[in-house]
Amino acid sequence: QDKIKFYKVNIRVEKRLANMFSGDGVPTLYYFKNGKGYELDWPENPEPMSGYSFFDLSKYLHKKLKEDG
């Protein structure tokens with residue numbers, strides 16, 4: 001039950017999804033719960049390659065699981 005699934009979307013192929021979810025640029029990460037999407041905030045100190053470090057993702061997702069648990 002406490003599993004988190006990740007999906008990668010190619011916005012060059014999935015243009016409809018890109019229009020719906022990537023208004024601020026790429027990468028954009030969303031968390032979905034009960035059909036509702038929440039955008040992850042951009043980290044204060046982003047990593048050069050992706051912006052989101054393992055630490056940032058772990059911290060955010062553990063917090064969300066605890067809040068929603």
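**Exercise 1. How many helices and how many strands does the protein chain have?**

Some ground rules before the solution. This is a predicted model, where local features need pLDDT of at least 70 and side-chain atom pairs count only at pLDDT 80 or more, while totals for chains, interfaces and linings use all residues. Residues are numbered from 1 along each chain as its sequence is written, and side-chain values use heavy atoms, with hydrogens and water left out.

Solution:
- Count the DSSP runs, numbered from the N terminus: H or I of at least four residues for a helix, E of at least two for a strand.
- That gives two helices and two strands.
- Read from the N terminus, their order is α-β-β-α.

**Exercise 2. Place Val9, Pro27 and Asn45, and decide whether each is buried, partly exposed or exposed.**

Solution:
- Start with the cut-offs: buried is under 20% relative accessible area, exposed is over 50%, and partly exposed is in between (1.4 Å probe, protein chains only).
- Val9 sits in the segment before helix 1 (15-21). Its relative accessible area is 42%, so call Val9 partly exposed.
- Pro27 belongs to the loop between helix 1 and strand 1 (30-33). Pro27 is partly exposed because its relative accessibility is 30%.
- Asn45 is in the loop between strand 2 (36-39) and helix 2 (54-68). With 67% relative accessible area, Asn45 is exposed.
- Now zoom out: of the chain's 69 residues, 19% are buried.

**Exercise 3. Find the C-alpha separations for Pro27 with Tyr52 and for Asn45 with Asp56.**

Solution:
- Pro27 and Tyr52 are 25 residues apart along the chain, and their C-alpha atoms are 8.6 Å apart.
- For Asn45 and Asp56, the chain separation is 11 residues and the C-alpha separation is 9.3 Å.

**Exercise 4. What classes of residue line the second largest pocket?**

Solution:
- Sort by class: Ala, Val, Leu, Ile, Met, Phe, Trp, Tyr, Cys and Pro are nonpolar, Asp, Glu, Lys and Arg are charged, and the others, Gly among them, are polar.
- The tally for this pocket's lining is seven nonpolar, one polar and five charged residues.
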